[in-house]
Amino acid sequence: MSATSTPRSTSGCSQAESEAQAAHDGDAVLLDEIARRAEMPPDETRAPLHDLTRVHRPVTELAGVDIPDMGPRWEAKPRL
């Protein structure tokens, strides 16, 4: 992924995550839902989500919250 495409992808994933979470009454959402809304393949959605959780930090990754485990979910951090 080039440096010029990362911000656009990160922005698109951030918006897609927010829209998906809103559609699920504020619940954290799975990668496939975010990827579908961002119109990106799931494997290309992981890197921007990593940036959103580890670099920019407006999103939190939740792991191990489902029984059975369906993979990580993401949710936007509340704004203060």
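**Reading the fold from its definitions**

Read along the sequence, this predicted model follows the pattern α-β-α-α-β-β.

User: What makes up that pattern, in helices and strands?

Analyst: The secondary structure of the chain comes to three helices and three strands. The helices are H1 (5-23) and H2 (31-38), together with H3 (residues 42-56).

User: How are the three strands ordered in the sheet, and is the pairing parallel or antiparallel?

Analyst: The order is S1-S3-S2 in an open sheet, and the pairing is antiparallel.

User: Why are S1 and S2 called edge strands?

Analyst: Strand S1 (29-30) and strand S2 (59-62) each pair on one side only, and that is what the name refers to.

User: How do you know that S2 and S3 count as paired?

Analyst: Pairing needs at least two bridges between the strands. Four bridges join S2 to S3 (residues 73-76), so the pair meets the cut-off. One of the partnerships to look for is Thr 60 with Glu 75 in S3.

User: Which helix lies across these two strands?

Analyst: Helix H3 does, running at about 105° to S2.

User: What makes the largest nonpolar core a core, and which residues belong to it?

Analyst: Its members must be buried nonpolar residues joined through side-chain atoms within 4.5 Å. Twelve residues qualify here: Cys 13, Ala 16, Ala 20, Val 29, Leu 31, Ile 34, Ala 38, Met 40, Leu 49, Leu 52, Val 59 and Trp 74. Helices H1, H2 and H3 each supply at least two residues of this core.

User: What does Met 40 touch, leaving aside its neighbours within four places in sequence?

Analyst: Met 40 is in contact with Ser 9, Cys 13, Ala 35, Thr 45 and Pro 48. Of these partners, Cys 13 is also a member of the core.

User: Why is Glu 44 called partly exposed?

Analyst: Buried means under 20% relative accessible area and exposed means over 50%. Glu 44 has 42%, which lies between those limits, so partly exposed is the right term. This residue is found in helix H3. Its C-alpha atom is 8.9 Å from that of Ser 9, although the two residues are 35 apart along the chain.

User: How much of the chain is buried, and how much area does the chain expose?

Analyst: Buried residues make up 34% of the 80 residues. The chain exposes about 5300 Å², with carbon and sulfur atoms supplying 51% of it.

User: What share of the contacts with a separation of 6 or more comes from residues 24 or more positions apart?

Analyst: Such residues account for 42% of those contacts.

How values were computed:
Residues are numbered from 1 along each chain as its sequence is written. This is a predicted model: local features need pLDDT of at least 70, side-chain atom pairs count only at pLDDT 80 or more; totals for chains, interfaces and linings use all residues. Side-chain values use heavy atoms; hydrogens and water are left out. Contact means heavy atoms within 4.5 Å. Axes are lines fitted to C-alpha atoms, for helices over the stretch in contact, and angles run from 0 to 180 degrees between N-to-C directions. Buried means under 20% relative accessible area, exposed over 50%, partly exposed in between (1.4 Å probe, protein chains only). Accessible areas come from the Shrake-Rupley method with a 1.4 Å probe; for residues, only the protein chains shown count as cover.
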